[in-house]
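Colleague: Please take a single part of this model and examine it closely. I should like one connected account, with the cut-off behind each term stated as it arises.

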Amino acid sequence: MNRRQTELPLLWARGLFPAGAALVVLVLTEWIARGALTAETFTEYILPHGSAYLLAWGFLLLCWQVTDAATRLAPLATFLTACLGCVPAAVNYYTLQLRGEPFLPWDLSQVSEAAGVAAAAGIKIQPGMAWSMGIIAALVGLTFWLYRGRAPLALPHRLVELAAASAALAALVFGVYLQPTVTAWLGIYPDAWMQDRYYRWYGVITGFMTNLTNLEIDKPEDYSEEAVNAVLDAVEKADGAAGENFPESYGATESNPEEQPTIIYVMNESYWDVSQLEDYGVVFDTDLSPNLHALQQSAASGKVYSPSFGGGTCDVEFEALTGFSVSFLPSGCKPYQQHVTHPMFSLPAWLKAQGYQTAAVHCFYAKYWSRNTAYPNLGLDEFISLEDMRGVERVRDYYWSGGLVSDASMADQIIQEYESLKAESDAPVFLHAVTMQNHTNYNAANYPDDERVRVLSAPAGLKASTIGALEDFATGVRDADAMLGQLVEYFSGVDEPVILVFWGDHYNPIDSGYDVYTATGYAGDSASDPALHQTTLLMWSNYTDQPVDLGTIAAYEISPVMMDLYGLEQPLFFQYLNLQLKEGYRSHTGGVTVNWDGTITQELTEDQAAWNRNHWLLQYDLMFGGEYALDRMGLDLGGE
């Protein structure tokens with residue numbers, strides 16, 4: 001047998017290897033991302049959407065070929081291709097666990113935040129990941145053996161090979177992945193409301209790559225100055241009376257306060273009234289929410305429909321401060337980092353124009369979620385962050401190095417900042433605060449036994465670790481309630497009108513999943529369950545004791561409803577939102593509609609769809625457009 005005959009099988013093996021390696025990496029990618037590969041995975045997800053996985057296979061193959069042509073190091077090409085598939089898959093697995101959403105392109109701008117949360121959450125390597133690392137190592141070793149002694153390739157030939165592979169890769173990315181008409185022809189359809197389902201159907205690589213088209217936000221089809229003015233004309237013509245949506249409220253029954261009230265916002269981390277679980281078979285050893293329950297008899301209370309689950313605090317904050325809905329933006333994007341990059345309409349900006357002092361207090365690092373740059377653009381003139389705090393109490397240091405600032409200390413910080421601002425000026429204050437004490441992850445070890453709330457009994461099926469995690473979470477809720485009581489006690493005694501708005505940002509998994517919710521029957525095992533998006537809301541003032549049932553309202557309705565309840569002068573945009581609340585729906589968030597009768601649907605009526613389109617029209621103008629609505633409101637934000 002001559003030398004050529006001896007080398008022929010090797011040449012064939014080298015020719016087929018890149019395609020085989022790319023296929024192996026694709027399988028590992030899906031194994032890691034899903035946590036397991038079963039027959040159902042192939043029959044229900046992969047095979048029915050085969051074109052998406054062929055694209056992903058082609059993407060990995062071309063990445064291998066580009067790397068090999070550029071470096072002539074086949075083992076490096078195998079290793080980097082494996083990393084390109086498997087690392088995002090691992091990130092995807094953990095983001096699904098932490099927040100119920102997959103790994104999305106705009107997450108790349110949030111690396112430091114994600115790393116901090118991941119480290120705190122005590123994430124562990126899954127069996128599929130460990131197996132994949134071994135398979136990748138074997139694959140790289142096989143590449144070394146297969147390509148040993150490969151003859152050098154002349155530079156002109158290498159350049160031709162590199163150019164051809166690069167052109168093919170660019171054609172795949174720009175001509176297929178970034179062309180919605182092409183991907184639709186291949187049977188890949190956008191699913192912005194349910195990105196976890198989108199990734200299950202089309203895989204991590206195709207899901208991520210096609211989402212790149214969402215980095216650009218298209219303006220509404222009918223966007224124009226005339227269209228914006230037509231909506232605002234209709235709002236002015238409606239001329240709704242104060243408190244019309246809640247006829248028993250102060251704004252509907254009393255004259256406006258002579259003084260502009262100070263307004264305190266407190267968004268409490270992961271807060272919801274966990275004592276609700278007592279209706280589902282859980283017994284705690286103490287009353288977790290005595291202040292909340294007492295205040296519900298003399299204040300406005302209800303629930304906030306949060307756009308987030310398991311994370312994304314800044315999304316809820318953004319909605320509450322602006323009236324803008326993140327549902328109109330690409331799923332998973334973070335407005336503070338991507339869009340609040342210039343002075344923008346918001347409640348603080350509006351109040352500032354009315355003579356208010358504006359400030360924010362947050363007991364974590366200023367750069368987290370880019371609050372240090374977003375807050376000034378929302379009209380918040382002063383920002384007290386963790387770096388500015390001294391002598392604060394810290395708790396829950398099992399996961400968080402050094403612990404988290406307690407809600408009791410946050411109440412002190414809020415009061416101190418209020419007193420500082422009032423010492424400088426008699427002007428009313430708007431103060432927005434965000435807590436951290438009850439941040440995920442939960443474990444009984446976060447509190448000493450004599451300080452932790454105890455679960456006396458619970459439905460069968462809950463692990464000891466889950467019971468411990470629930471005790472940790474319930475302890476945080478108890479302390480949040482104490483914070484609420486501390487603030488109400490203090491602001492009850494000040495000599496000016498004060499409004500306090502206190503709500504939770506989102507639900508979290510407790511322990512490693514949804515067991516607390518499913519075992520009790522409180523909710524299902526999906527982050528999309530509406531029950532896991534309705535957090536506790538209280539609006540209290542020191543100049544009225546009229547109870548009001550708010551029902552469930554969207555997070556973007558918090559500010560319009562607050563101003564309406566207490567008869568405050570509203571910007572036209574908030575007047576629109578209150579009119580939308582009256583005639584459209586209580587909330588439309590993430591594709592879920594909460595109607596006035598409390599029913600929840602996945603569809604909009606024709607009239608509701610019109611309200612939704614107009615909401616986006618005004619929001620687009622105020623966030624990205626021609627500032628037509630700003631001119632109508634007489635609001636000059638300065639800046640660009």
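**The eight-stranded sheet**

Modeller: L431 in strand 8 is the residue opposite which I264 stands. This is a predicted model, in which local features need pLDDT of at least 70 and side-chain atom pairs count only at pLDDT 80 or more, while totals for chains, interfaces and linings use all residues. Residues are numbered from 1 along each chain as its sequence is written, and side-chain values use heavy atoms, without hydrogens or water.

I264 belongs to strand 1 (residues 262-268), which pairs with strand 8 (residues 429-434) in the parallel sense over five bridges. Strands and helices here are DSSP runs numbered from the N terminus (E, at least two residues, for strands; H or I, at least four, for helices), and two strands pair if DSSP finds at least two bridges between them.

Strands 1 and 8 belong to an open sheet of eight strands, ordered 5-4-8-1-10-11-3-12. The pairing within this sheet is mixed. Its edges are formed by strand 5 (382-384) and strand 12 (548-554), each of which pairs on one side only. On average, neighbouring strands are turned by 15° against each other, with direction ignored; the axes are lines fitted to C-alpha atoms.

In the sheet order, strand 1 stands between strand 8 and strand 10. Seven bridges join strand 1 to strand 10, again in the parallel sense. Within this pairing, V266 has F502 of strand 10 as its bridge partner. Beyond strand 10 comes strand 11, and here the sense is antiparallel, with five bridges between strand 10 and strand 11. One position in that pairing is I499, which stands opposite S541 of strand 11. Strand 10 is thus parallel to strand 1 and antiparallel to strand 11.

Strand 10 (498-504) is mostly covered, with seven of its seven residues buried, that is, under 20% relative accessible area for a 1.4 Å probe with protein chains only. The cover extends to both faces of the strand. V498, L500, F502 and G504 are buried on one side, and I499, V501 and W503 are buried on the other. Two residues already named in the pairings, F502 and I499, are therefore on opposite faces of strand 10 and both buried.

Helix 21 (residues 558-565) lies across strand 10 and four other strands of this sheet: strand 1, strand 3 (300-305), strand 11 (534-541) and strand 12. The helix runs at about 155° to strand 12, an angle taken between N-to-C directions on a scale from 0 to 180 degrees, with the helix axis fitted over the stretch in contact (heavy atoms within 4.5 Å).

A cavity completes the picture of this region. The structure holds one cavity of 30 Å³ or more, a cavity being a set of points on a 1 Å grid over the protein atoms alone where a 1.4 Å probe fits but cannot get out. About 70 Å³ of space lies in the largest cavity. Its lining comprises 13 residues, each with an atom within 4 Å of a point. Nearest the cavity centre are A300, T544, Q546, V548 and Y566. Of these, A300 falls within the range of strand 3, and V548 within that of strand 12, an edge strand.

Technical notes
On a 1 Å grid over the protein atoms alone, a cavity is a set of points where a 1.4 Å probe fits but cannot get out, and a pocket is an open set with protein on both sides within 12 Å along at least five of seven lines; lining residues have an atom within 4 Å of a point. Grid points are joined across faces, edges and corners, and a volume is the space filled by probe spheres set on the points. Buried means under 20% relative accessible area, exposed over 50%, partly exposed in between (1.4 Å probe, protein chains only).
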